[in-house]
Every structure is written in structure tokens, then in C-alpha cells.
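Work through the exercises below with the sequence and the structure side by side, and try each task before reading its solution.

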Amino acid sequence: MSPSVSVIIPCYNGADHVLSQIKAVTVQLSPADEVIVVDNRSTDGTRNVLESAAAADPRIRVVPAMGKAGANYARNMGIAAASGDLLLFCDADDVVSSGWVDAFSRALADHGVAGGRATPVDEAGRPVGPDLELHEIFGGPPYPIGANMAIRRSVVAAVGGFDESFIGGHDEVDFAWRASAAGWPTVFAHDAHIEYLQRPTVKAAVRQRRSYARTAVQLWARHPETVDPHGVSFTGAVQNLAKNAPRGFKVTLGRGSFDDAAAWGWNLGLVEGHLRYRILGSPPARSIPTPGQG
């Protein structure tokens, strides 16, 4: 008998998108599998949408996650509620492609952690950049994007869940690095493909990239045994922020492009991360639930 699958979908204010993702997932599941949709403090009617979906399909379960905001917290709540041996993760505003579940199930037959392929798209579903595969940062092991990854439950039992001290990014990197150190490097599953919705506005893109950069410095400071010790530089971050000031000015005036937003947000976040986690402070204490905790 094949291991059962639990698809975990963190969801915040996803009323406009989540049903498309749920439908794309459920058509790929067997009767023994399940979808865990984690409502993380939604205020837009998401809960009603999810409860209606769950009433129509017993494989769909709605889990509230009201303790704190954050995809890592929501994913941990989903893990605690899930019953499957294979834990597959996607986001509420993306859409998985046909064969996504099978591709990850095959990858996890011999491996503990897998990441898939993502095509960045806009609100109309049009590609807006090259496909994303596994990533690397600071010389560390390859890692998946959190919106398209899969984990064997035995790996979570060994290393714990996602570190909730990462707010806004890089919790999946931290998890993949801990798993790799314990003997489960991330493998790439090409056919586990998603359409990866990008931020709809320039301001939202700035916020996202700023969070990514800030938590990248947190990651670097958290893993001295893994990273390139020369992989970050406060002086370089300040110089790049000054260099990109014209792009930031355009963004502030509402004239900037998404490329301007990405560059400006990233440089803001790097400086913020250096100040918060290296110069004026240090990374916050780990917050990793043990298996079975919510």
C-alpha cells in the first residue's frame, strides 16, 4: 500500500484564489489522501469558502491557525494536523499542474525532501520570468521554495518543523539545511510544477523582497557552520543601497518598475538585516515545534 499523502496549504485572505488551488490538488488525490487548508487569520471570508469546500469533499480539512501570523507557523499547524506519511506543500494563490502529486510521491520514494519547478506568473496567468528550480544561497545546500516542496514525515520527526522565528522568508531554507545536515539533502522533482503568482503591485513587491533580504541575513547569522563566512557585508549593503537610491526614489513616487521594486526592497532588507541580526543585535531564538505540537 502506498504511503498516504497530506497536501498542506497555508492560507491568508485567499478567498479569491484558494478554490482554484484546492481543485487542482484534489483531482490528483486518492480517497485515502487529504488536503489540509490552514486558515491563518483571514479576514476576507476565506473561512466560509473553505468550510463549503470541506462540506463537499471529506478529503478537505480546515485547520485554524490564529495564534500568530506567518506561513511557517501555518505550515507547522498543518503538519500537526496531517495524517499522511508524505507532506506536500503549496500556497493558496498558486496553481499546481497535473501530475504534481505523483511527481513528489516518486521523489519521496527514495528521498526525504524534494522541491519542484515554478513558473512565475501574473494575475492573468501569463509567465513573467524564467522557471525557478532549486536555489542556493551563501554556499549552503540546495533548497526548495516553500510554495512547492515535499517532505517525508520521518524527516520532520528527526529535525522538527519550520522555524517560526523567521518572519517573511527563508524558513524553508533553514529547514532544508537542517534536513541536509541530518542526511536528507533536497532533490529536484522537475514534474512537480506550479504556476507561481507574483505580487500584483510594486509596493507589495518591495515588502516581499525587503523581508526576503532581511531574513537572508538572519539565515547567514544562524548557520555559521554552513555558510560562506564572507557571504555578507554591511559596507557592501550600504553602498548598494546608496547606488540604488534613484530606483527607490522612483518607487516612492509610484513610477518604479517591478525590477526597481525588487532591487530597492532587497537592498533595504539587507541593511535592515545587518543592523538587526549582526551589528545591533543577534538572530532571535529558534522557535521550532517538536513533532505533534501545534
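**Exercise 1: Strands in the sheet**

In β7, C90 has N148 as its bridge partner. The model is a predicted one, in which local features need pLDDT of at least 70 and side-chain atom pairs count only at pLDDT 80 or more, while totals for chains, interfaces and linings use all residues. Residues are numbered from 1 along each chain as its sequence is written, and side-chain values use heavy atoms, with hydrogens and water left out.

Task: Find which strands stand at the edges of the sheet, and describe how β7 pairs with β4 and with β6.

Solution. Begin with the strand order, which in this open sheet of 8 strands is β3-β2-β1-β4-β7-β6-β8-β5, with mixed pairing. At the edges stand β3 (60-64) and β5 (95-96), each with a single partner strand, so one side of each has no neighbour in the sheet. Strands (E, at least two residues) and helices (H or I, at least four) are DSSP runs numbered from the N terminus, and two strands pair if DSSP finds at least two bridges between them. Next, take β4 and β7, which run antiparallel and are joined by 5 bridges. Then turn to β6 and β7, whose pairing is also antiparallel and extends over 3 bridges; here G115 stands opposite M149 in β7. For a contrast, strand β1 (residues 5-11) and strand β4 (residues 86-90) run parallel and share 4 bridges, with F89 in β4 as the bridge partner of I8.

**Exercise 2: A helix across the sheet**

Task: Establish which strands helix α6 lies across, and how many of its residues are buried.

Solution. Locate helix α6 at residues 171-181, and see that it lies across β6 (113-121), β7 (148-152) and β8 (186-197), running at about 35° to β7 (axes are lines fitted to C-alpha atoms, for helices over the stretch in contact, and angles run from 0 to 180 degrees between N-to-C directions). Contact means heavy atoms within 4.5 Å. Now count the buried residues, meaning those under 20% relative accessible area, where exposed is over 50% and partly exposed lies in between (1.4 Å probe, protein chains only): 9 of the 11 residues of α6 are buried, among them F175 and W177. Their cover includes α3 (71-81), α5 (153-159) and α7 (202-222). Finally, consider β7 itself, which is largely enclosed by the rest of the structure, because 4 of its 5 residues are buried.
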